[in-house]
Amino acid sequence: MNEILRTAHAILLKDMKTEFRSREFLGHTFMFALLVIVIFNFAFKINPQNTPELASGILWIAFLFAGTLGLGRSFLIEKENDCIQGLGLSPVDRTAIFIAKFLGNLFFLVIIQIMTIPVFIVLYNLNVMEHFTLQTAVFLLGDIGFMTLGTLIAAMSVNLKAREILLPVLLLPLLVPLLIFAASATAALLTGGEPDTYMGRLKLLAAYDVIFFVVSALVFEYIMDEL
Amino acid sequence: MKLLEKALKLADTALVRYGSLGASAALMLLGAYLALVWSPEAAGETAVYRIVYFHVPTAIMAYLGFFVTFAGSFLFLWKKEMLFDRVAKTGAELGVLFCGLMLVTGMIWGKQRWGAWWIWEPRLTTALILLIIYAGYLILRSTIDNQMTRARYAAVFGIVGFLDVPVVHFAIKMWGSIMHPVVIKSLAEPGMPPEMLNTLRVCLLAFGALFATLFLLRLRVENLAAEIAALRSNHEG
């Protein structure tokens, strides 16, 4: 177990270093998330009355789309210069590679959220982080499930001819339950829903995360061997 | 593995093929007669209720197809036999076919009962999401040329997708009950007269036979295609 974590740490560190040396992609994705939020304003005719109801949907859609963009890249950078072969040849547990890529993607998405949410709060004049701890828990649990399946499908799609379109086409239907749990939890917190509602959703999100994390980590080696 | 191969070989005769084709055709005709003519009027229902005799079997066959994909995917990753990959593919194709039929029959019924072709009702919505997931499975397969890669990726997706089925159903049920009141009443009323129940049984049998026939034929095509590919690569190599 320690061995796996150490390997994962090394791969994660490598990814972080390369990412932060350019920082380009983070900025682009942030711009994209911002754009989604702005465009929704025109599509829905937002006003103070309907903001609390629509806010959670807008935020989660923005994160799903921006996160999917980021996912596509996580294995693509390995594909350039055939780095993926080096990674595949190295005598390390495949689970370590999965965990490292998963953590990298998760970290990336959380940064995007940290950048996007304050802008959202200002633009929509709605403090989505009013219940800070609970809302953070919703976002984190949602992110974990999203990035678990996302990392798996991204690893799969990087080898495909039509990868840009196939990643969302394969991933988003699988994420429908996650979106339902997460968006309704966020909405319940925003509109002052019953504690039963959002606590129930949080538990469901956690269960979703555990199920798919275990399965994804188990089947990842079959994907990795073909990269 | 050996058992499945033997069973398939035994089933791979003209007699079985035409026999199962004839049997499903006969059962289908009988089922159609029972459903459309013989079965009594339902209390408080218009004639459109009779679509239930086709709707319920297609739904069961759709889920059966998806389960076959899951089982085939799992066995492929375990045993590394290409036959299981072909089984999984065939299951997904039939699943998508019957899932589409289930949606169409459900929509026709819904147009009469609800006055709209589509209502975001939990069961319908779940079926739609499943259709999209398994259509994605088939698209994924079609974009990969390498046999081994395709089999592995498809198997992984087949397993993850099937695990998603109950979660999707549960989530959508929860979502549906929040967004709007549940409009559907139970299709399988427990107090169904025996004529209706028997009609449904015959229709289930007919669709089961159709599923088996299509499965055998499709798998045969896949097996022959694999054989040709192997021969060709032998010849060239």
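These are my notebook entries on a predicted model of a two-chain complex.

**Confidence first**

I started with the scores, since this is a predicted model. For the complex, the predictor gives an ipTM of 0.87 and a pTM of 0.87. I then went chain by chain. Chain A has a mean pLDDT of 87, with 100% of its residues at 70 or more. Among its elements, helix α4 (residues 83-89) of chain A has the lowest mean, 80, and α6(A) has the highest, 92.

Chain B averages 84, and 91% of its residues score at least 70. Its confidence bottoms out in helix α1 (residues 2-11) of chain B, at a mean of 75, and peaks in helix α3 (residues 52-79) of chain B, at 92. I flagged residues 178-185 of chain B, where the pLDDT is below 50. That stretch has eight contacts in the model beyond near neighbours in sequence.

**Chain B, general layout**

I looked up the secondary structure next and found seven helices and zero strands in chain B. Read from the N terminus, the elements go α-α-α-α-α-α-α. For dimensions, I noted that the C-alpha atoms of chain B fill a box of roughly 70 × 45 × 25 Å along the principal axes.

**Chain B, around α4**

I picked α4(B), residues 82-113, and checked two of its partners. With helix α7 (residues 194-236) of chain B, the axes come within 9 Å and cross at roughly 135 degrees. That angle makes α4(B) oblique to α7(B). The crossing is right-handed.

On the α4(B) side I listed B:Met82, B:Arg86, B:Val87, B:Lys89, B:Thr90, B:Glu93 and B:Leu94. The α7(B) side includes B:Phe211, B:Leu214, B:Phe215, B:Arg218 and B:Glu222. By class, the contact of α4(B) with α7(B) comes to eight nonpolar, two polar and five charged residues.

The other partner I checked is helix α5 (residues 122-142) of chain B, which packs on α4(B) at about 145 degrees with the axes 9 Å apart. This crossing is left-handed. From α4(B) the contact takes in, among others, B:Ala92, B:Gly95, B:Val96, B:Cys99, B:Gly100 and B:Gly106. From α5(B) I noted B:Leu124, B:Ala127, B:Leu131, B:Tyr134, B:Tyr137 and B:Arg141 among the contributors. The tally for α4(B) with α5(B) is 14 nonpolar, three polar and three charged.

Which residues of α4(B) turn up in the contact with α7(B) and again in the one with α5(B)? B:Lys89 and B:Glu93 appear in both lists.

**Chain A, α3 against α8**

Over in chain A, I looked at helix α3 (residues 51-79) of chain A and α8(A), which pack at about 140 degrees with their axes 8 Å apart. The two helices are therefore oblique to each other. Their crossing is right-handed.

The α3(A) list is A:Pro52, A:Glu53, A:Ala55, A:Ser56, A:Gly57, A:Leu59, A:Trp60 and A:Leu64. Facing them from α8(A) are A:Leu179, A:Ala182, A:Ala183, A:Thr186, A:Ala187 and A:Leu190. I counted up the classes for the contact of α3(A) with α8(A) as 10 nonpolar, three polar and one charged.

**Chain A, the α5 helix**

I also checked the span of helix α5 (residues 94-124) of chain A. Its 31 residues reach 43 Å from first C-alpha to last, close to the 45 Å expected at 1.5 Å a residue. Just past the end of α5(A), A:Asn125 has a positive phi of about 50 degrees.

**Where the chains meet**

Last entry: the interface. The contact draws 24 residues from chain A and 27 residues from chain B. On the chain A side, α6 (132-157), α7 (163-174), α8 (176-190) and α9 (195-224) each put in at least two residues. Which helix gives the largest share of that side? I found that α9(A) does, with six residues. Sorted by class, the side of chain A that touches chain B has 20 nonpolar, two polar and two charged residues. I note that α8(A) supplies residues to this side and also packs against α3(A).

Notes
Residues numbered from 1 in each chain as written. Chains lettered and ligands numbered in written order. Predicted model: local features only at pLDDT ≥ 70, side-chain atom pairs only at ≥ 80, totals over all residues. Axes fitted to C-alpha atoms, helices over the stretch in contact; angles between N-to-C directions. Helix = DSSP H or I, 4+ residues; strand = E, 2+ residues; numbered from the N terminus. Parallel < 35°, antiparallel > 145°, perpendicular 65-115°, else oblique. Left-handed = near helix turned anticlockwise from the far one by under 90°. Contact = placed C-beta atoms within 7 Å. Nonpolar A, V, L, I, M, F, W, Y, C, P; charged D, E, K, R; others polar. pLDDT = per-residue confidence, 0-100. Expected span 1.5 Å × (residues − 1).
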